[in-house]
Structures are given as structure tokens and as C-alpha cells.
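Reader: I would like to go through this model with you term by term, asking in each case what justifies the word that is used.

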Amino acid sequence: MAATRMPVADPARQGAGAAGFRLEHGVDSVHLHGELSVRSLPLALPLMNRLGGNALVLDLSGLTRLDTAGAWALLQLAARLEKQGQSLELRALSADHSALLDRVEQAIPEIAQPGVLRRSLSDLLDALGRVVVAAWGFLAGVLAVLGIFLARLGYLARHPSEFRMTALIYHADQVGWRAIPIVALMAFLIGVVLAFQGAVQLRQFGAEIFVVDLIAISILRELGILLTAIIVAGRTASSFTAAIGSMKMREEIDAMRTLAIDPATVLFVPRILALLITLPLLGLVANVMGLFGGAMMAWIELGISPAMFLTRLLEDTGINHVIVGFVKAPVFAVIIGVIGCHAGMQVGGNAESLGRQTSSAVVQAIFAVIAADALFSVFFAMLDM
Amino acid sequence: MAGDVVISLRGLRNQFGAQLVHDNLDLDVHAGEVLGVVGGSGTGKSVLLRCIAGLRPPQAGSIHIFGQDALNCSESTRRAIDQRMGVMFQDGALFSSLTVRENVEVPMRAIQGLGKAVRRDLADLKISMAGLPYGAGDKYPSELSGGMRKRAGLARALALDPEIVFLDEPTAGLDPIGASAFDELIKGLSQSMGLTVFLVTHDLDTLHATCDRIAVLAEKRVMYSGTMSDMLEVDHPWVHEYFHGPRARAALDTKERTA
């Protein structure tokens, strides 16, 4: 049906390349043939740029179509000739085309010439200063979100009826429960890798049994919580930023303020609190799965039976390692939550800033978690824990 | 005014699930005219626009644009048709990561051999023709007011000097001065560029000021089409209420005072 009913299209109009344009030099004038439009402009402009001579006469009787781009080209030609002290006469200009030329001539904007940009040392210092100020601003902004969160938490502790339990449970489900599979798998694999790598090295000294200490200390003290926090930072900081940022973009947060709903109470508190509750639990899952993976690998690779692994673990690994690990969890949770919420509030009016803030929230959260972990290491080393 | 038929719809049917929006809808749009499409909320004015613009295939019927079957054609034919049409969406639908000038330049990139400087100058020209100040070209859509975004959307729709432009509620949300300036702009552009305009609107002032012909969507099809004075004669209850209501009378008075 399609093929038989399709009428033949006007060939002159079909496709971009088919637009015909040509100039014919006559005795006292130049004849213009074809259409002068945005499509024929790539063809027409070089030809028209070559035109010159005093008192040029352009005969437009062969012009089939003129659009605003064509009119602009004619006006540019006239302006160029005028600048060179020459003149342009348009012959056989129809009334419609004349009206179009007038309209375009009125619309051509006054273009302000952009100044020449030169970079000097002071520009460099200026840029450096701006970066430093922006960094301070960022730090202050993050601390402000932390402060608001703590203040609202304190307020809600005194007015528990205003607390939104449903929101807290929803977010705990999103950031905690749904993260269990990925966290468990990650921790299991880390345990396997540690056991395998440790086995290869420790076997050289006949000290295979120390692989238990290696796994236990590194998982319980550092890796379990740290890697969980990094995964949660990637999963949750981005989702906080995207959720709050898109609300900010559509003025929903402004609407909340006008309805006397405090955005910090409704948006920040349930999210950060949910992280605060679930991150230690996820850390526990990671610890258990990490030890389980390590035990499996130790059994397969070194022949350390699970019972022996357990005995060695209970006898030799102090509880202080577990405490050191878990103390960090709430701190990481607050860091991730606060950075995610802060980045969400920084989103401006367009979709691009939402994307930029989301990715920078993840980078900032992961960096801050690792930096905090380094500080903790120094701190616990000083305490001899 | 009746030029060649550039858009011809026959037996169009659109439905969303069980909800029938258009059934057996016929409509012709002539070259060079400004056609206003009116109808109550939910009569599918925007759906009709999206159908013709190729954004939504209808369930049945045929659409011919420039004499070519727009539903059963090759992709390159469809692209050639699209290049001869421009659409201005309700809120401009500008690309938020590009400046206004870059937005207007986007359709021009399809034309090979058009230099960067020429593209820039043409974009500035279009921005100015749409009634925006020169400085607006460097701004991002989020920095513009609603009215300016609409103008920027129009500038982008006009970037390739299309023969047909579709305007979805061009004056909705504009202040009366801005709205009447926009009406003037549409009328002026359609006259000087020989533009065919397909206008979806609720604004009676716009209908009075710009439209050569009005099509009324009701009962799932184009119930009536004709000039403003034809519309005033129709005694269908909804059409009568629409064109004789208090707002319609006020618009008519304004029209008579200025005429």
C-alpha cells in the first residue's frame, strides 16, 4: 500500500543536498537561479562571497525560494559591498521577498564584539582563590547539613509524635535490607581472596595457621566496615542526591517550605537515621560473610577445618578488633548521609547539574569515608587498641 | 487564502487502552494558513499534534504531509519531512545543558557544509526574530523566564526555516502583554515567511489575533472548521459556550476596539 500510494515528491525540495543554486553572469547583471535557503547556503555563500565590482546588479527573477537564511545572506552581501564603497541593486525583487528582507534586516542583532581574553598570573591566582573559597564553602555547607540534622534529631527526640516512622522504615529497607545481597557477596569474595593470597605467602614459612589471624584482623578491624561503607556510599549517597536533587529541581522543596514543612526534618532525618541504623548491621553481615569466605578458602586451600578455624578465631583474636571496626560504622553512616543530602540541596535548575551533583556526591562520600578511616587508624594506634 | 493542502488527515484513530481519543478524524491544513485547534481538556489536541509531528503513531488512519504518506514511508523520507517542519513544545523543551544559541544551532548541524560562524550568525538572527535580546543567546534555559523559554523554543523550531510550524499552547502562562506580543510575532512570521502554522491553544485572544481558520475538536473528531465568524454561527452547545462565553465576548470586544 505504501509504495503504490506514495506520490512523487517535488525533486527540487527533496533532501538537503538537492537544493539547487547557481549564479549566471550576464551583461549588466548577475542572474540568480534556484533557491536561496538555509539548505543551499553552503553552496551559495562561497559563490556570493566572490561577487564584487562597482554597482553590482543582482537579478532575482530566477529565485524560486527565499527564506530568512537566504535573506540574511543577501543582506550580508549588501553590507560587505557597502563597506568596500560599492553598491548592490536587487532587481526583480518580489513584494513578499522584499517584506522578508525588511523583517530580517530589522532583526539582525547588534553584536557586541567580545573582548580579547588574555590569561595572566593574577587570573591564575584568582582561579586558585576561587577554588579555595569553594572548598571552604563546601566544608561549611556539609557541616551545616550535619548541624541541621543533629538539631532536628534533638527536636524530634523531644517531640516524638512528629517523627515519621514510615519514612524511616522505608529508607531502612532501601539502604539496608536491599543492600544485603551485594554486601554479603562482596565480603565473601574478599574473605576468599585474603585467605588465598595469605595462604600462598604464609605457606613459605610453614605458618599456615596464621591465615586465620590475617583474615580475622583485616576483615573485622578494617575491610568489613570500610568496603561496606564504600558500597553503601556508591549506592546510597547517589540515590539521596538524586531524590533530593530532583525535588529541588522541580521546586518541591520550595513548596514544602511554603507549606510550613521543614525539608530537613522530612528529608534529611529519616534518610541519615536509616543509614545510621543499617550501616552497622550491614557491617555485621559483611564481617560474618568475610570470615565465612575466608574459612571456606582456608579449608580448601590449607586444610584448616572450620572447627579449627573457629577455635583459633575465638582464642587468638581479641574483641578489641571487632570494637574498633564497629565504632567506625556510625561515623561512616553520617558522612555518607550528610554528603548525599548536601549534594542534593546543591542541585540547580537543570538536569545536567543533577547528574553532576550525583556523581560528585559518590566521589566525595567515598573519599571522605577513606579519609576518616585513615584518621581512625592513627587514633586507635595512639590508644594502643 | 486556501493554498495547496500540506497536511491531510483521514480516518485517524487514537486510543489509550480502552479510552478512545480520536475516531475517524479528518482534517486538512492548507499552505500558508494559521490554523487554530481548540477543544475542551482531554479532547486530544496535543495528541493530534504529536501524531502529525511523528511522535506517536495513530492506531488507524492516514497522514499525508506535503503529499507524502507520512506513516508508511522510508526513514529518510520521514527525516526529509521532519526537516521541513518545526515543533515548539509547551515549555520550550530546550536542551538544558546547552545555551540558547547552541539549542538553536542543533537543527542546523544537519546541514552539511554550513560553517560555524554562519551557524552562529543565523542562530543569533533567529533568536532576535523570536523577540529575544542578543544577550539571551549565551544563557542556559534554566536562567530564562517562562516566556523567554517559549521564545527560545520558537527560535529553535524556526532554525531551518520550516514550512510548517506546530505550536503547542504558545501563549499559555504568559502575561497579557507578552502573549499579545507573541501573537504579533506568529502573525508577522507567518506572513513574511509564508509559514503554515498549526496552533493548539486555549487563548481566545490568540485565536482572534492570529488564526485564519479554526478547527474545533469535539466528540472524538473535528466537529467544525471555519473562520471565526463561522464559529460564532455554530449552535453546538459546547462550541456556542466556548465562543460566546464571557471571556470570548471580552476577546471579541478587544478585537473590535483595536480593529
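Reader: What average pLDDT does chain A have, and what share of its residues score at least 70?

Author: This is a predicted model, and chain A averages a pLDDT of 86, with 93% of the residues scoring at least 70. Residues 1-18 of chain A have a pLDDT below 50, although this stretch still has 21 contacts in the model beyond near neighbours in sequence. Since local features need a pLDDT of at least 70, residues 1-18 of chain A, being below 50, do not reach that cut-off.

Reader: How many helices and strands does chain A have, and what part of the chain is buried?

Author: Chain A has 13 helices and 4 strands. Of its 385 residues, 34% are buried, a word that requires 20 or more other C-beta atoms within 10 Å of a residue's own. As for the contacts in chain A that join residues at least 6 apart in sequence, 83% of them link residues at least 24 apart.

Reader: What makes β2 and β3 of chain A a pair?

Author: The criterion is at least two bridges between the strands, and β2(A), residues 30-36, is joined to β3(A), residues 56-66, by 6 bridges, so the two count as paired. They run parallel, and A:Glu35 stands opposite A:Arg65 of β3(A). Both strands belong to an open sheet of 4 strands in the order β1-β2-β3-β4 of chain A, where the pairing is mixed. Its edge strands are β1 (21-25) and β4 (88-91) of chain A, each of which pairs on one side only, and the twist from one strand to the next averages 25°.

Reader: Why are β2 and β5 of chain B said to stand at the edges?

Author: In chain B, 4 strands form an open antiparallel sheet in the order β2-β1-β4-β5. β2 (19-30) and β5 (68-69) of chain B each have a single partner strand, so one side of each is left without a neighbour in the sheet. Helix α1 of chain B, residues 45-52, packs on this sheet and touches β1, β2 and β4 of chain B, its direction making about 120° with that of β1(B).

Reader: How do you know that β4 of chain B pairs with β5 of chain B?

Author: The two strands are joined by 2 bridges and run antiparallel; pairing asks for at least two, so the condition is met. B:His64 has B:Asp69 in β5(B) as its bridge partner. The hairpin of β4(B) and β5(B) has 2 residues between the strands, and in it B:Phe66 takes a positive phi near 50°. With β1(B), residues 5-16, strand β4(B), residues 60-65, pairs in the antiparallel sense over 5 bridges, and B:Arg10 has B:Ser62 in β4(B) as its bridge partner.

Reader: At what angle do α7 and α8 of chain A cross, and which residues meet there?

Author: The axes of α7(A), residues 180-203, and α8(A), residues 211-249, come within 10 Å and cross at roughly 145°, in a right-handed crossing. Among the residues that meet are A:Ile190 and A:Leu194 from α7(A) and A:Leu223 and A:Leu227 from α8(A). By class, this contact has 16 nonpolar, 5 polar and no charged residues, and A:Gly191 of α7(A) belongs with the polar ones, because Gly is counted in that class.

Reader: How many residues does each chain give to the contact between them?

Author: Chain A gives 34 residues and chain B gives 29. On the side of chain A that touches chain B, α4(A) gives the most, with 6 residues. That side has 20 nonpolar, 7 polar and 7 charged residues.

Methods. Residues numbered from 1 in each chain as written. Chains lettered and ligands numbered in written order. Predicted model: local features only at pLDDT ≥ 70, side-chain atom pairs only at ≥ 80, totals over all residues. Contact = placed C-beta atoms within 7 Å. Axes fitted to C-alpha atoms, helices over the stretch in contact; angles between N-to-C directions. Left-handed = near helix turned anticlockwise from the far one by under 90°. Buried ≥ 20, exposed ≤ 12 C-beta atoms within 10 Å, placed from the backbone. pLDDT = per-residue confidence, 0-100.
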